[in-house]
Amino acid sequence: MMVLNKRSKLSLLVIAAGLTIALSTFVSTTPAFAAETSTTSSGLTKPLLAIAAAIAIAGGLIGTGNAQQGIGAAGMGIIAEKPEKFGQVLFFFVIPETLWIIGFVLGIILLLGIL
């Protein structure tokens, strides 16, 4: 039997809530407001695109945080022993920042309906 820690339980709860919202969006056929009946060129409704954009942005931010967590701890150990490696450590610490930038751009593309 697998024992889940507090972080894993929270992750499963967030995933279950997201799936519930997504399924309720697909199942509901009547819009809550008259303005929500418009669809984009891809045929998706605006609330569904907003949820997709939020997932894209949140995924990028979570991925960046997880990557920088290990890099930052290891980098501080390296800098403590060899201060001349600061530039190299900074470079590796900044590389995961591209994840949230990509997620943000994808979210904007979804919200504006560019593609």
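# Reading a chain of helices

Modeller: Let's start with contacts, meaning heavy atoms within 4.5 Å. In this chain, 63% of the contacts with a separation of 6 or more come from residues 24 or more positions apart. This is a predicted model, where local features need pLDDT of at least 70 and side-chain atom pairs count only at pLDDT 80 or more, while totals for chains, interfaces and linings use all residues. Residues are numbered from 1 along each chain as its sequence is written, and side-chain values use heavy atoms, with hydrogens and water left out.

Biologist: Okay, how many helices and strands are there in the chain?

Modeller: Helices (H or I, at least four residues) and strands (E, at least two) are DSSP runs, numbered from the N terminus. Here you get 4 helices and 0 strands, so the order from the N terminus reads α-α-α-α.

Biologist: And how do I tell whether a helix has the span it should?

Modeller: Take 1.5 Å times one less than its number of residues. Helix H4 covers residues 97-112, which is 16 residues, so 22 Å is expected; its end C-alpha atoms sit 23 Å apart, and that agrees. Just after H4 comes Gly 113, with a positive phi near 65°.

Biologist: What about helices side by side? At what angle do H2 and H4 cross?

Modeller: Axes are lines fitted to C-alpha atoms, for helices over the stretch in contact, and angles run from 0 to 180 degrees between N-to-C directions. The H2 and H4 axes cross at roughly 175° and come within 7 Å. That makes the two helices roughly antiparallel (over 145 degrees; under 35 is roughly parallel, 65 to 115 roughly perpendicular and the rest oblique). On the H2 side, the contact includes Leu 49, Ala 53, Ile 57 and Gln 68. On the H4 side, Glu 97, Trp 100, Gly 103 and Leu 111 are among the residues taking part.

Biologist: Which classes do the residues of that contact fall into?

Modeller: There are 13 nonpolar, 6 polar and 1 charged. Ala, Val, Leu, Ile, Met, Phe, Trp, Tyr, Cys and Pro count as nonpolar, Asp, Glu, Lys and Arg as charged, and the others, Gly among them, as polar.

Biologist: Now, how are H2 and H3 arranged?

Modeller: Helix H2 (residues 46-81) packs on helix H3 (residues 86-94) at about 175°, with the axes 10 Å apart. These two are therefore roughly antiparallel as well. H2 brings Gln 68, Ile 71, Gly 72, Gly 75, Ile 78 and Ile 79, while H3 brings Phe 86, Val 89, Phe 92 and Phe 93. By class, that gives 7 nonpolar, 3 polar and no charged residues.

Biologist: Where does Lys 85 sit?

Modeller: Lys 85 is in the loop between H2 and H3. Its C-alpha atom is 9.0 Å from that of Gly 75, and the two are 10 residues apart along the chain.

Biologist: Is Leu 49 buried or exposed?

Modeller: Buried means under 20% relative accessible area, exposed over 50%, and partly exposed in between (1.4 Å probe, protein chains only). Leu 49, in helix H2, has 8%, so it is buried. Lys 85, at 31%, is partly exposed. Over the chain, 12% of the 115 residues count as buried.

Biologist: Which residues does Ile 57 touch?

Modeller: Leaving out residues up to four places away in sequence, Ile 57 touches Gly 103, Phe 104 and Gly 107. Ile 57 belongs to helix H2 and is partly exposed, at 26%. From C-alpha to C-alpha, Ile 57 and Gly 107 are 6.0 Å apart, though 50 residues separate them in sequence. Leu 49 and Leu 111 make a similar case: 62 residues apart in sequence, 6.3 Å in space.

Biologist: What about H1?

Modeller: Look at Gly 18, in helix H1 (residues 6-27). Gly 18 is partly exposed, at 34%. Its C-alpha atom lies 8.8 Å from that of Ile 55, 37 residues away along the chain.

Biologist: Last one: how many aromatic pairs are there?

Modeller: A pair of rings is described by the distance of the centres and the angle of the planes. Rings of Phe, Tyr and Trp (its six-membered ring) pair if their centres lie within 6.5 Å; planes under 30 degrees apart are stacked, over 60 edge-to-face and the rest tilted. The count is 2 aromatic pairs. For Phe 91 and Phe 92, the centres are 5.6 Å apart and the planes at 70°, so this pair is edge-to-face. Phe 91 is exposed at 53%, and Phe 92 is partly exposed at 46%.
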